[in-house]
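Biologist: I would like to go through this model with you and ask how each label is earned. Could you put it up for us?

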Amino acid sequence: MNISHRPSTHRRSLTVLLVRFLILGGLVIVADRSVAQELQPVVKPNYAQARQYSSRYLRQFVYDSSVKPNWIGETDEFWYSFRTSQGTRYYRVKPQDASKEPLFDHVKLASLLSEEIRKPLDSANLPISRVEIDDQGKTIKFVVDKLQYEYDLEGEELKKLGKAPASRTRSRSGSREEREDRERDRKEEEQRKEKNVKEKDSEKD
């Protein structure tokens, strides 16, 4: 009886091995096909994925790490905005007093803007852009949805001016930097002229 069972057991073992071989072979073929599909070159642009790397999309994950001063008229005072994970805040700095304070009441302005555009706004994320301040530091202008507004910092009154201008007017920070560059160039030119005069005088002697 033992002799009669051995061939059957052997055949079953061979059958199991054959099935295993076929299964493994099938898995290898499927893996090869999947790898080949992954290695196929992209023939169409993936605009959806590209948008995830655009500066406009990434800006919501990038916060400010430095301060850019915007000078107020001819004074030493300046204002700046600073964006963090908590939102964007606007500050006014007075070097003579060594003080820093909010440029305006963010909650108050958010409330006035909400009434004007008829939708709720978050005071920490005001949708304002192209912010400018007058030389006296009493009013600011900004743009919301292609419309320009003026806000009285002392009276806390908001006024709609109409459609925003096509191009941004030059900021006081830019004009001040240009004035400083021109003044530096003027002084260097004067120094060169004085040096040339001295050299000529020395040659005459």
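Modeller: Gladly! The accessible surface of the chain comes to about 16300 Å², and carbon and sulfur atoms make up 51% of that area. Please keep in mind that this is a predicted model.

Biologist: What is the pattern of helices and strands along the chain?

Modeller: Along the sequence it reads α-α-α-β-β-β-β-α-β-β-β-β-α, with 5 helices and 8 strands in the chain. Of the 205 residues, 21% count as buried. Among contacts with a separation of 6 or more, 31% are between residues 24 or more positions apart.

Biologist: What makes strand 5 and strand 8 edge strands?

Modeller: They belong to an open sheet of 4 strands in the order 5-6-7-8, with antiparallel pairing. Strand 5 (129-133) and strand 8 (157-163) each pair on one side only, and that earns them the name. The twist from one strand to the next averages 20 degrees.

Biologist: How do you know that strand 7 and strand 8 pair?

Modeller: Pairing needs at least two bridges between two strands. Strand 7 (residues 147-152) and strand 8 have 6 bridges, in the antiparallel sense, so they count as paired by that rule. As an example, Tyr-149 has Lys-160 in strand 8 as its bridge partner.

Biologist: And how do you know that strand 1 and strand 2 pair?

Modeller: The rule asks for at least two bridges, and 2 bridges join strand 1 (residues 70-71) to strand 2 (residues 78-84), so this antiparallel pair qualifies. Trp-71 has Phe-78 in strand 2 as its bridge partner. Their hairpin has 6 residues between the strands, and Gly-73 there takes a positive phi near 55 degrees.

Biologist: What joins strand 2 to strand 3?

Modeller: A hairpin does, through 2 residues. Strand 2 and strand 3 (residues 87-94) pair antiparallel over 7 bridges, with Tyr-90 in strand 3 as the bridge partner of Ser-81.

Biologist: Why is the contact between Glu-77 and Arg-92 called a salt bridge?

Modeller: The cut-off is a side-chain nitrogen of Lys or Arg within 4 Å of a carboxyl oxygen of Asp or Glu. For Glu-77 and Arg-92 the closest N and O atoms are 3.1 Å apart, so the pair meets it. The pair links distant parts of the chain, 15 residues apart: Glu-77 lies in the loop between strand 1 and strand 2, and Arg-92 in strand 3.

Biologist: Why is Arg-92 called buried, and why is Glu-77 called partly exposed?

Modeller: Buried means under 20% relative accessible area, and partly exposed lies between that and over 50%. Arg-92 is at 13%, so it counts as buried. Glu-77 is at 22%, so it counts as partly exposed.

Biologist: How many salt bridges does the whole structure have?

Modeller: The search finds 4. Among them is the one between Lys-160 and Glu-116, with the closest N and O atoms 3.7 Å apart. That pair also links distant parts of the chain, Lys-160 in strand 8 and Glu-116 in helix 4 (residues 106-117), 44 residues apart. Lys-160 is partly exposed at 47%, and Glu-116 is partly exposed at 34%.

Biologist: What makes Glu-150 and Lys-159 a salt bridge?

Modeller: Their side chains meet at 3.6 Å, N to O, which is within the 4 Å cut-off. Lys-159 has a relative accessible area of 46%, so it is called partly exposed.

How values were computed: Residues numbered from 1 in each chain as written. Predicted model: local features only at pLDDT ≥ 70, side-chain atom pairs only at ≥ 80, totals over all residues. Heavy atoms only, no water. Buried < 20%, exposed > 50% of the residue type's maximum accessible area, 1.4 Å probe, protein only. Contact = heavy atoms within 4.5 Å. Areas by Shrake-Rupley, 256 points an atom, 1.4 Å probe, with all protein chains shown as cover. Axes fitted to C-alpha atoms, helices over the stretch in contact; angles between N-to-C directions.
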